[in-house]
Amino acid sequence: MTVMYDRVALIGLGLIASSMFWAMKRGGIAGEVIGYARSSETRDVAREIGLCDRVCDSAAEACEGADLIVLCVPIGAMDAVSREIAGALKKGAVVTDVGSVKRAVIDVVGPHIPDGVHFVPGHPLAGTEQSGPRSGFAELFDNRWCVLTPEGADADATAKLRKYWEALGSNVDEMDADHHDLVLAVTSHTPHLIAYTMVGVADDLSRVTDTEVVKFSAAGFRDFTRIAASDPTMWRDVFLNNKDATLEILGRFTEELFALQRAIRQGDGEHLHDYFTRTRSIRRGIIEAGQDTDAPNFGRNPKP
């Protein structure tokens, strides 16, 4: 495949960045990939495993001469990082990100982008519960969606970034930033919060049930623990920066939960059956859309 960006800088070297690197190498779409991570331990691991063609000890150094800069840091670190790299960005470069909240990222990163540099926020809807530089694999984005929220960004820069994500294996769509945050509150943020809560309840109960909660975990609880194993720093920042949308969806969830409690208390089997039948069809729709599979572990294990 033709090289799309001569030099790409990955700021932050966790699951998403490491997967981007391997996907870029698989497709031959970047001439050189430069990496940076705040932790010296992470930088050492990246060098050890050959993650990135070169790993720098500062974010600004990594961005020098880069045609595409991808901010792969927690949302709470976006402001500081964008301040640090602003002076190193060359004219015509494209800055994007992979944060799962878009309005907050636009608000903190946008003011630091110099004139002549294009900021095109993005969010690849792909991931596992693993984190760190060793967790990435080239297939992570295959047939997964990446949402861009250009907010009036240069049309050519946006079109090129779209083609870049497609070359990584993604389907790409564009969306208003606030609408993105509401959609993700439904499909990702609130489900994670519920999973964290359910695992927390089980932890409290473990004082009564000893080890039985873990020993006899059924599939539903195992799925909760998989989700709740996600990076705590990232999810703390997500909830603090998508507060309004998450609280709105939590309110709706609570209303639905109260309705189900009432049905159980009153022995209303018809309501329960109808509700479960309707919601079951959503799972089938996700599989039919190619966004999950009936394979063991939902096909989430990376290819060897």
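This is a dialogue about how to read several features of a predicted model.

Visitor: What should I keep in mind about the model and its numbering?

Guide: Because the model is predicted, local features need pLDDT of at least 70 and side-chain atom pairs count only at pLDDT 80 or more, whereas totals for chains, interfaces and linings use all residues. Residues are numbered from 1 along each chain as its sequence is written, and side-chain values use heavy atoms, with hydrogens and water left out.

Visitor: How many helices and strands are in the chain?

Guide: Helices (H or I, at least four residues) and strands (E, at least two) are DSSP runs numbered from the N terminus, and here the chain has 12 helices and nine strands.

Visitor: What part of the chain do buried residues make up?

Guide: A residue is buried under 20% relative accessible area, exposed over 50%, and partly exposed in between, with a 1.4 Å probe and protein chains only; by that rule 42% of the 304 residues in the chain are buried.

Visitor: Which residues of helix α4 are buried, and which are exposed on the face turned away from them?

Guide: In α4 (residues 78-85), the buried residues are Met78, Val81, Ser82 and Ile85. They lie on the same side of α4 because they cover an arc of only 95 degrees around the axis, the arc being that of the directions from the helix axis to the C-beta atoms. Ala80 and Arg83 are exposed on the face turned away from that buried side. The cover over the buried residues of α4 includes β1 (5-11), α3 (59-63), β4 (68-71), β5 (94-97) and α5 (103-109).

Visitor: Which residues of the largest nonpolar core touch the most other members?

Guide: In soluble globular proteins, nonpolar side chains tend to be buried together. A nonpolar core is a set of buried Ala, Val, Leu, Ile, Met, Phe, Trp, Tyr and Cys residues joined through side-chain atoms within 4.5 Å. The largest one here has 40 residues, and those touching the most other members are Leu10, Met20, Met24, Phe141, Tyr164, Trp165 and Leu168. Helix α1 gives the largest share of this core, seven residues. Setting aside neighbours within four places in sequence, Met20 is in contact (heavy atoms within 4.5 Å) with Leu10, Val70, Cys72, Val98, Phe141, Tyr164, Trp165 and Leu168. A second, separate core has 33 residues, including Ile11, Ala60, Ala104 and Ile106.

Visitor: How many salt bridges does the structure hold, and where are the partners of Arg134 and Asp67?

Guide: Side chains of opposite charge can pair when their charged atoms come close. A salt bridge is a side-chain nitrogen of Lys or Arg within 4 Å of a carboxyl oxygen of Asp or Glu, and the structure holds 16 of them. In the one between Arg134 and Glu48, the closest N and O atoms are 3.4 Å apart. Arg134 lies in the loop between β7 (122-124) and β8 and Glu48 in helix α2, so the pair ties together parts 86 residues apart in sequence. Arg134 is exposed at 53% relative accessibility, and Glu48 is exposed at 58%.

The salt bridge of Asp67 with Lys90 has its closest N and O atoms 2.7 Å apart. Asp67 lies in the loop between α3 and β4 and Lys90 in the loop between α4 and β5, so this pair ties together parts 23 residues apart in sequence. Asp67 is buried, with a relative accessible area of 18%, whereas Lys90 is partly exposed at 34%.
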